[in-house]
Amino acid sequence: MNAPLTLASTEAVPGTRILGLGHYRPSNVVTNLDLIAQGVDTDDEWIKTRVGIAERRWADADETVVDMAEQAGSKALAAAGVSTADVDLVIVATCTMPTPVPAAAPQLAARLGIDAPGAYDVNSGCSGFMYALNAASAAVRVGQARNALVVAAERFSGWLDMTDRGTCIILGDGAGAAVVGASDTPTFGPVVWGSDGEQFDTVAIDERTHTFRQEGQTVYRWATGQMAPIALEACERAGVDPADIVAFVPHQANLRIIDALVRRIGLPNAVIARDIITSGNTSAATIPLALSRMVEAGEIPSAAPVLLLGFGSGLAYAGQVVLSP
Ligand code: UT7
């Protein structure tokens, strides 16, 4: 009997790590009072106590998803000290491109001067960055890319129904980015991911009006009820006690969700991302945006365990412990 045919393959590396982070927030600050001045039937106190948002950023009229991704991506490359010549893969997580094609990633790569990398977009709503990060890590791990640039960028201000006060007050624009490269040891714990497609219709861009809508209370109950066990499993599978987590960076959907998760997970020594207060909910971008700002502010030491938790449209989710850059 003939031996099975084998092919030459790429060479795996022992581990991967986040080499650097970057973020971008548009300069246009929109306070709760600004929304009221624009005619939204709401009040500052309600938004602050029920959601936790004081202000969000909205892109200028001519500022695109790719523009914001470029800003965050170039900062991440600089922070990582990685040359564009050494990037083989670019992944953009977004659900707010103006049209389904072309994807953002090839345009972003061209803007940054990254020559002919593999390039594609990931759409998993608010958990998109987690899926993109793991796709990048897997590609580097098996030797398909030396370094990968992962950017989450969203421009939700273009998809709002300003008469729906339950949603238009929540969403913001922005971008966050990470460069993933090879490491001598693993620094990504196992990702605990999943989805509940039965609830696909609870968070959506409405097909008819092309505006964002969600069943807020259903998603709230799902997030507060189902996501803490995912976070705890991510810690357990990474072999890290929750007491040793130095930072918790969950999706920034609602400050009350974040606080409920912290109570249920039990993170006595972690600094908690509360970027929603001044950035709003930037969907896929919330995690890298918050993480990058925390690292920049010196709130997270290097090579320390950070718990990430993405959740949202799908309903899809992903929890994971990674070591900080
Ligand atoms: O990022 C993707 C994943 N998404 C999430 O995780 C979102 C999860 N859900 C939530 O965070 C919350 O459900 C919301 C922030 C979206 C809404 O908060 P809520 O406490 O669930 O409010 P509600 O929709 O149940 O409305 C409660 C009351 C209503 O008034 P009545 O009927 O009780 O008199 C609303 O009309 O609050 C009123 N309301 C507002 N009042 C002032 C709703 N929105 C507003 C507003 N300003 N913007």
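**Overall fold, a mixed sheet and two buried positions**

The accessible surface of the protein amounts to about 13800 Å², and 51% of it belongs to carbon and sulfur atoms, the areas having been obtained by the Shrake-Rupley method with a 1.4 Å probe, with only the protein chains shown counting as cover for residues. The model is a predicted one, in which local features need pLDDT of at least 70 and side-chain atom pairs count only at pLDDT 80 or more, whereas totals for chains, interfaces and linings use all residues. Residues are numbered from 1 along each chain as its sequence is written, and side-chain values use heavy atoms, with hydrogens and water left out.

The protein contains nine helices and 14 strands, where helices (H or I, at least four residues) and strands (E, at least two) are DSSP runs numbered from the N terminus. The radius of gyration is 19 Å, which agrees with the value near 20 Å that a compact globule of 325 residues would have; the radius is taken over C-alpha atoms, and the globule rule is 2.2 Å times the number of residues to the power 0.38. Along the principal axes, the C-alpha atoms fill a box of roughly 70 × 45 × 45 Å. Of the 325 residues, 54% are buried, a term that denotes under 20% relative accessible area, as opposed to exposed (over 50%) and partly exposed (in between), with a 1.4 Å probe and protein chains only. Among contacts (heavy atoms within 4.5 Å) between residues at least 6 apart in sequence, 76% join residues at least 24 apart.

An open sheet of five strands, with mixed pairing, has the order β8-β14-β13-β11-β12. Its edge strands are β8 (192-195) and β12, each of which pairs on one side only; two strands are taken to pair if DSSP finds at least two bridges between them. Strand β11 (residues 247-250) and strand β12 (residues 271-272) pair in the parallel sense over two bridges. In β11, Ala247 and Val249 point one way and Phe248 and Pro250 the other way, and all are buried.

Within this pairing, Phe248 stands opposite Ile272 of β12, and the C-alpha atoms of these two residues, which are 24 residues apart along the chain, are separated by 5.0 Å. Ile272 is itself buried, with a relative accessible area of 14%. When residues up to four places away in sequence are not counted, Ile272 touches Phe248, Ile258, Val262 and Met294. Of these partners, Met294 is one of the buried residues of helix α9, among which are also Thr286, Ile287, Pro288 and Leu289. Helix α9 (residues 286-296) is mostly covered, with eight of its eleven residues buried, and is followed by Gly298, whose phi is positive, near 75°.

A second buried position is Gly125, found in the loop between β5 (118-122) and α5 (128-141), with a relative accessible area of 6%. Leaving aside neighbours within four places in sequence, Gly125 is in contact with Cys95, Glu154, Ser283, Ala284 and Ser313. Gly125 and Val203, separated by 78 residues in sequence, are 8.8 Å apart in space, C-alpha to C-alpha.
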